[in-house]
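Visitor: I should like to learn how to read helix packing and strand pairing in a model. Could you guide me through some examples?

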Amino acid sequence: MTFINYAAKEINCKIVYYGPGLGGKTTNLQHIYTKTAPDRKGKMISLATETDRTLFFDFLPLDLGSIRGFTTRFHLYTVPGQVFYDASRKLILKGVDGVVFVADSQAERMEANVESIRNLESNLDDYGLKLVSLPYTLQFNKRDIPSVMPTDEMYRMLNYKREPTFEASATTGFGVFETLKSVAKQILIELRKK
Amino acid sequence: MSSTFLEVYEEEFERLAEALRRLRYASNAEAIFLIDKNGQQIAAAGDVENFDSTSLASLTAGNVAATDGLAKLIGEREFSVLFHEGERDHIHISLVAERAILLVIFNERSSLGLVRLRVRRASEELEQIFREISERSAAEADEQSPASPFWEITDEDIDSLFNE
Ligand SMILES: Nc1nc2c(ncn2[C@@H]2O[C@H](COP(=O)(O)OP(=O)(O)O)[C@@H](O)[C@H]2O)c(=O)[nH]1
Ligand SMILES: [Mg+2]
């Protein structure tokens, strides 16, 4: 939910990183956290299991500067990817302004990618939201791994509505900020319509 | 716009903040935060600089969301109050007007009974303010308020965010 506070001159938006388990959602946030100046970010919170798997969510507040005198603040969340955490995933989508789908480029994970997009659609549906009309960016992550699936094939399988699509390697940071920018831009453009 | 869009004007914010300040005073609490259910802080009062308010807001909303989920699982509509007891500091969490969360942090200078009583009163006041905000924004939605500073955002404005 976009929250505009005229007293504090702030605008707050919520971005959720979605996708199958181990696709690199948490790693995206970690990279953004490491590369952002201290005065532009809050604490990164990870509610994880002992083995570092996301249990509930990761959270990173980012301050991107100001537009027309309003501080633009983005709250980045990741969801837990494992199938059995669906109830938690749904909770985190509540009030979402934009979604980044982090797809795993390894061929053996294509089914999991497809399944997770379906799951995203159905969870959005429960809030009366449609992926078609939501700010949405697709990321093909793990491009650094040799012999991953060709991007045009992935595009055919995973692209939903000609949404902006980026190759990335979250561990090196390649494509991570481009992805974030793309979804942030779509969210701000939505504001213009409101 | 729909319920997924909340705009709070300056005088409305001031009324919310004033209600929180009064609650803080009446309950002897350390700090009070008003948070929307999606984890964004709306207003606060008290010794807020002692706390990481952004993290508090996000975790509180997560906590409430998880508890809501639990309630539904056992056939309850919601659990309206949560209480976490620490050695020194305690947290009282309650829902306001369905869309907001009131977080009260207090210590031995107050008590659960007092906090509970004062929160109940303050909630009525906050609910009234939220009702007026909703009515105001519903009215504006009809007449296409020209006040929004975001109507005129240009592509350059947006690009500049990332280039600073
Ligand atoms: N080679 C490679 N490994 C990655 C990349 N992104 C994430 N990983 C690894 O994949 C594993 C799961 O990443 P994580 O961010 O926890 O996935 P999440 O479940 O989507 O949050 C970790 O071991 C990461 O180091 C990438 O771009 N390339
Ligand atoms: Mg994770």
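The dialogue below treats a helix contact and two strands in turn.

Guide: This is a predicted model, in which local features need pLDDT of at least 70 and side-chain atom pairs count only at pLDDT 80 or more, while totals for chains, interfaces and linings use all residues. Residues are numbered from 1 along each chain as its sequence is written, chains are lettered from A and ligands numbered from 1 in the order in which they are written, and side-chain values use heavy atoms, with hydrogens and water left out.

Visitor: At what angle do the axes of helix α1 and helix α5 of chain A cross?

Guide: Axes are lines fitted to C-alpha atoms, for helices over the stretch in contact, with angles from 0 to 180 degrees between N-to-C directions. Helices (H or I, at least four residues) and strands (E, at least two) are DSSP runs numbered from the N terminus. Here α1 (residues 25-35) and α5 (residues 176-193) of chain A have axes that come within 10 Å and cross at roughly 95°. The two helices are therefore roughly perpendicular (65 to 115 degrees). On α1(A), the contact (heavy atoms within 4.5 Å) involves A:N28, A:H31, A:I32 and A:K35, and on α5(A) it involves A:V176, A:F177 and A:L180.

Visitor: Which residues of strand β7 of chain A point each way?

Guide: In a regular strand, side chains alternate between the two faces of the sheet. From β7(A), A:Y136, A:L138 and A:F140 point one way and A:T137, A:Q139 and A:N141 the other, and all are buried (under 20% relative accessible area, with a 1.4 Å probe and protein chains only).

Visitor: Which strands pair with β7(A)?

Guide: Two strands pair if DSSP finds at least two bridges between them. Strand β6 (residues 98-104) of chain A runs parallel to β7(A), joined by six bridges; A:V99 has A:Y136 as its partner. The chain passes from β6(A) through helix α3 (residues 110-125) to β7(A) in a right-handed β-α-β crossover (clockwise from the first strand over the helix to the second, with the strands pointing away from the viewer). Strand β8 (residues 165-167) of chain A is also parallel to β7(A), over three bridges.

Visitor: How does strand β2 of chain B pair?

Guide: β2(B) is antiparallel to strand β3 (residues 41-46) of chain B over five bridges, and antiparallel to strand β6 (residues 100-106) of chain B over six. Four residues lie between β2(B) and β3(B) in their hairpin, and B:G39 in the turn has a positive phi of about 100°. Six of the six residues of β2(B) (residues 31-36) are buried, so the strand is largely enclosed by the rest of the structure.

Terms used. Angles under 35 degrees count as roughly parallel, over 145 as roughly antiparallel, 65 to 115 as roughly perpendicular and the rest as oblique. Buried means under 20% relative accessible area, exposed over 50%, partly exposed in between (1.4 Å probe, protein chains only).
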